[in-house]
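This report looks at the nonpolar cores of the chain, then at its overall make-up, its salt bridges and one strand residue. Please keep the sequence and the structure in view while reading.

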Amino acid sequence: MLLFCSVRDFFLLPYHYVDRYADTPKPCSKLCNLSNLQLRFLCPADIQEVQALCSDWFPIVYPYYWYEEITSNPRFYSLAAVYGGVIVGLVVAEIKSFSELNKEDEDILAPTFGRDTLVAYLLSLGVSQSHRRNGIASVLLENLVAHLTSSDNGCRALFLHVLTTNSPAIHFYQRHQFKLHSFLPYYYFINGKSKDGFTYVLYVNGGHPPWGLYDYAKHYCKVLAHSDPCAVPLWLWSKLQTMMRWAWPTTRVAMWSSSS
């Protein structure tokens, strides 16, 4: 059955296909080594080939203009893995500002970063069935992360949505240091059924989620631990020492007295 979504849903419902049938043995073509693999950015000439791959990999139908966007719009990081002149894998991420996030994603970054801060949304990551378990998905993801951390775009987080039942994909992202951020009930609508999703986030370039009281206490205790106690009244310094030992047990705070 074909699944048709609204325009908004096409950008909300990526499906990360990292061998979702991992428990079912399937023949794979082992590459001699990854040096035989070529990486290049997608271009408009790839639309037909990418469209066929996505139709095979994902249970949702993307509109044609989506393929036009990911193969030509610079706001998308669209990288293909090519083997023997054929695209065998691809990763697509959208770079956008914090202010463009949908409501369910607005708590990914601490508000102190500002509305213009950039984040990357991992839309699609897939590898052809006959070329899986060769490390191609890892190569594609690592190149995306390297781009986000080495460029001057100021991106603070890479996040994605994934079905709660897609255990292989979840384990894959966990191995690559993504952290579970939130649970999204009934986030997906696939083949006429509502399905739950997770949000996973990889923070880069100093990005972090909103802080709670404990996070703020720990942060300022670290700052105070490296400050000059002579600039702080002794009675206040004593109380701060007590708080530091509670909030950050590994802190070694010098003991100061009125005679020092």
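## Nonpolar cores

In this predicted model, the largest nonpolar core holds 33 residues, and of these Val50, Trp66, Tyr67, Ile70, Ile87 and Phe159 touch the most other members. At least two residues of this core come from each of helix 2 (47-57), helix 3 (64-70), strand 2 (76-83), strand 3 (86-97), strand 4 (118-127), strand 5 (155-163) and strand 6. Helix 2 gives the most, with 5 residues.

A second core, separate from this one, has 32 residues, among them Leu37, Ala169, Phe178 and Phe198. As a general background, nonpolar side chains in soluble globular proteins tend to be buried together.

## Overall make-up

The chain contains 7 helices and 7 strands, which follow one another from the N terminus in the order α-β-α-α-β-β-β-α-β-α-β-β-α-α. Of its 260 residues, 46% count as buried, and the accessible surface comes to about 13,700 Å², with 57% of that belonging to carbon and sulfur atoms. Among contacts with a separation of 6 or more, 70% are made by residues 24 or more positions apart.

## Salt bridges

The whole structure has 4 salt bridges. One of them joins the side chains of Asp46 and Arg40, at 2.8 Å from N to O; Asp46 is buried, with a relative accessible area of 5%, whereas Arg40 is partly exposed at 32%.

The side chains of Arg75 and Glu94 also meet in a salt bridge, at 3.0 Å from N to O. Because Arg75 lies in the loop between helix 3 and strand 2 and Glu94 in strand 3, this pair ties together parts that are 19 residues apart in sequence. Arg75 is partly exposed, with a relative accessible area of 28%, while Glu94 is buried at 7%. Arg75 forms a salt bridge with Glu100 as well, at 3.2 Å from N to O; Glu100 lies in the loop between strand 3 and strand 4, so this pair ties together parts that are 25 residues apart in sequence. Glu100 is partly exposed, with a relative accessible area of 39%, and a network of salt bridges links Arg75, Glu94, Lys96 and Glu100.

## Ser182 in strand 6

Ser182 is found in strand 6, which spans residues 179-190. Its relative accessible area is 17%, so Ser182 falls under the 20% cut-off and is buried. Apart from neighbours within four places in sequence, Ser182 is in contact with Gly197, Phe198 and Thr199, and Phe198 is itself included in the second core.

Note on methods:
Residues are numbered from 1 along each chain as its sequence is written. This is a predicted model: local features need pLDDT of at least 70, side-chain atom pairs count only at pLDDT 80 or more; totals for chains, interfaces and linings use all residues. Side-chain values use heavy atoms; hydrogens and water are left out. Helices (H or I, at least four residues) and strands (E, at least two) are DSSP runs, numbered from the N terminus. Buried means under 20% relative accessible area, exposed over 50%, partly exposed in between (1.4 Å probe, protein chains only). Contact means heavy atoms within 4.5 Å. Accessible areas come from the Shrake-Rupley method with a 1.4 Å probe; for residues, only the protein chains shown count as cover. A nonpolar core is a set of buried Ala, Val, Leu, Ile, Met, Phe, Trp, Tyr and Cys residues joined through side-chain atoms within 4.5 Å.
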